[in-house]
Amino acid sequence: MNRFFTSTTVGLLALGTIFGSGEVASAVSFGTSIDGPDKSLQKLLDDLTVSGPKIDTVNAQTGFDLFTNTATGGSVGTFMFEVAGFAPTNKFGIYNQKGEKVELFGGINDQSDRTTVDFLANGDIWVTTKGFAPGNAPPLSEKEYKGFGNVFGFYLETLRGTFYTENSRNPNGSQQAVVYQGNNQTTLQIAGRQPGLFTDNEFIIAFEDLLRSVPGGSDSDFQDLVVMFESIKPVSAVAVPEPGIATSLLAFGLGSAWMLKGQRKKLES
Ligand SMILES: [Ca+2]
Ligand SMILES: [Ca+2]
Ligand SMILES: [Ca+2]
């Protein structure tokens, strides 16, 4: 391996570290919710805020799209809310890198319902789900999934298709979810639950259920199905990068590739 190839690899690896799955994350623009002007994701999260700074739905977007478990080897998810005509049929779950989906909440589930995922050493996972008031309160269910592993993203399944936290898996690379990380400052109270501090191992996953890349096809309100998940850690993808860093790394990568091309020509001639 010559040094030109090495520098190209380093440059591209650095880019990969910044952008995770290789896509450039940027803050998404919200549209006006068809559910009403007082039903924006910002307003709905403000309504759950007991104390501390409000969650800034625009500037606090993280760009995280893949996660793994933390030391407990288990995670809890709480259904926060869903404001969508498709709510009774929308489903929420996790998927692995092979694209295998595991449903955590079905159409019957709604606010305050809970799911747990146990990540076992052999790669199997156990999922238990229980409903609580308000809204529907379906009974406890439990299921085992073989060989799922412990690196996963989140999906929203609708009657028209499935959307993923990784934009690259969505039609036209459309961004269909925004993700917020706990700030250790804001106290939130989910309907039916005790209030508590939004800690930094907790994440809010907020989905839009209409494909946004179709002009006029989506209201981009991102409150169609919203879940908080805890005891998870982002993998590879990191927060929205500073444009300067991204540009200089891209320049470094391209520059290295250009040098590599020159080196190849030299060898051929
Ligand atoms: Ca909605
Ligand atoms: Ca419920
Ligand atoms: Ca929507």
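What is the site of the calcium ion (ligand 2), judged by the angles among its six donor atoms? In this predicted model, the site is octahedral, with angles of 81 to 176° among those donor atoms. The calcium ion (ligand 2) is coordinated by side-chain atoms (OD) of Asp110 and Asp113 and by O atoms of Gln111, Phe132, Pro134 and Asn136, at 2.3 to 2.5 Å. Along the chain, these donors follow the spacing D-Q-x1-D-x18-F-x1-P-x1-N. Gln111 lies in the loop between β5 (101-105) and β6 (114-119), and Pro134 lies in the loop between β7 (125-130) and β8 (141-145). The pair is 23 residues apart and links distant parts of the chain. Gln111 has a relative accessibility of 29% and therefore counts as partly exposed. Pro134 is also partly exposed, because its relative accessible area is 31%.

The calcium ion (ligand 3) is coordinated by Glu208 (OE, listed twice), Asp219 (OD), Asp221 (OD) and Asp224 (OD, listed twice), at 2.3 to 2.9 Å. The six donor atoms subtend angles of 48 to 167°, so the arrangement is irregular. An octahedral arrangement would need opposite donors over 155 degrees apart and all others between 65 and 115; the angle of 48° at the calcium ion (ligand 3) falls outside these ranges, which makes this site irregular. The donors follow the spacing E-x10-D-x1-D-x2-D along the chain. Glu208 and Asp224 both lie in the loop between β14 (202-207) and β15 (225-230), so the pair ties together parts that are 16 residues apart in sequence. Both Glu208 and Asp224 are buried. Another donor, Asp221, bridges the calcium ion (ligand 3) and the calcium ion (ligand 1). These two ions lie 3.7 Å apart.

The strands on either side of that loop, β14 and β15, belong to an open sheet of seven strands. The order in this sheet is β8-β7-β6-β3-β15-β14-β11, and the pairing is antiparallel. The edge strands are β8 and β11, each of which pairs on one side only. From one strand to the next, the twist averages 20°. Strands of a sheet pair through backbone hydrogen bonds, either parallel or antiparallel. Between the antiparallel strands β11 and β14 there are five bridges. Tyr180 stands opposite Ile204 in β14.

Helix α2 packs on the sheet and touches β3, β11, β14 and β15. The direction of α2 makes about 110° with that of β3. Within α2 (residues 41-48), the buried residues are Leu41, Leu44, Leu45, Asp46 and Leu48. Their cover includes the sheet strands β3 (74-81), β11 (177-181), β14 and β15, together with β1 (49-51) and β12 (187-188).

For the protein chain as a whole, three helices and 16 strands are found. The chain has 269 residues, of which 47% are buried. Among contacts between residues at least 6 apart in sequence, 70% join residues at least 24 apart. The chain exposes about 13,000 Å², and carbon and sulfur atoms supply 57% of this area.

Definitions and conventions. Residues numbered from 1 in each chain as written. Chains lettered and ligands numbered in written order. Predicted model: local features only at pLDDT ≥ 70, side-chain atom pairs only at ≥ 80, totals over all residues. Heavy atoms only, no water. Donors = N, O, S within 2.8 Å, 3.2 Å for Na, K, Ca; no water. Tetrahedral: all angles 85-135°; square planar, octahedral: opposite > 155°, others 65-115°. Helix = DSSP H or I, 4+ residues; strand = E, 2+ residues; numbered from the N terminus. Buried < 20%, exposed > 50% of the residue type's maximum accessible area, 1.4 Å probe, protein only. Contact = heavy atoms within 4.5 Å. Areas by Shrake-Rupley, 256 points an atom, 1.4 Å probe, with all protein chains shown as cover. Pairing = 2+ DSSP bridges. Axes fitted to C-alpha atoms, helices over the stretch in contact; angles between N-to-C directions.
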